[in-house]
Amino acid sequence: MLAARQLLSRTRSALGHVDTGIELMTDVVARRERGLGPEHPFTVASRQLLDEY
């Protein structure tokens, strides 16, 4: 589910809806931090994508 939300975030941003993309990716990062921990590779990758926005 989080992979789909991450993809949706990137798609929304690419279509010019950057605010929505940031909101979705912020949610993905928060969920991954809670579920996997802040240093897990998936969490780190999601955080890096969020930083790119």
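The following exchange concerns the salt bridges of this predicted model.

Me: How many salt bridges does a search of the whole structure find?
Reply: Side chains of opposite charge can pair when their charged atoms come close. Counted here are pairs in which a side-chain nitrogen of Lys or Arg lies within 4 Å of a carboxyl oxygen of Asp or Glu. Searching the whole structure in this way gives a total of 3.

Me: Which residue forms a salt bridge with Arg-5, and in which helix is that partner?
Reply: The closest N and O atoms of the pair are 3.1 Å apart, and the partner of Arg-5 is Asp-27. The pair links distant parts of the chain, 22 residues apart, since Arg-5 belongs to helix α1 (residues 2-14) while Asp-27 belongs to helix α2 (residues 18-36). The partner and its helix are therefore Asp-27 and α2.

Me: About how many helical turns separate Arg-31 and Asp-27?
Reply: These two side chains meet in a salt bridge with an N to O distance of 2.9 Å. Because both residues lie in helix α2, 4 residues apart, the separation between Arg-31 and Asp-27 is about one helical turn.

Me: Is Glu-33, which forms a salt bridge with Arg-47, buried, partly exposed or exposed?
Reply: The closest N and O atoms of Arg-47 and Glu-33 are 3.1 Å apart. This pair also links distant parts of the chain, with Arg-47 in helix α3 (residues 41-52) and Glu-33 in helix α2, 14 residues apart. Buried would require under 20% relative accessible area and exposed over 50%, so Glu-33, at 33%, counts as partly exposed.

Methods
Residues are numbered from 1 along each chain as its sequence is written. This is a predicted model: local features need pLDDT of at least 70, side-chain atom pairs count only at pLDDT 80 or more; totals for chains, interfaces and linings use all residues. Side-chain values use heavy atoms; hydrogens and water are left out. Helices (H or I, at least four residues) and strands (E, at least two) are DSSP runs, numbered from the N terminus. Buried means under 20% relative accessible area, exposed over 50%, partly exposed in between (1.4 Å probe, protein chains only).
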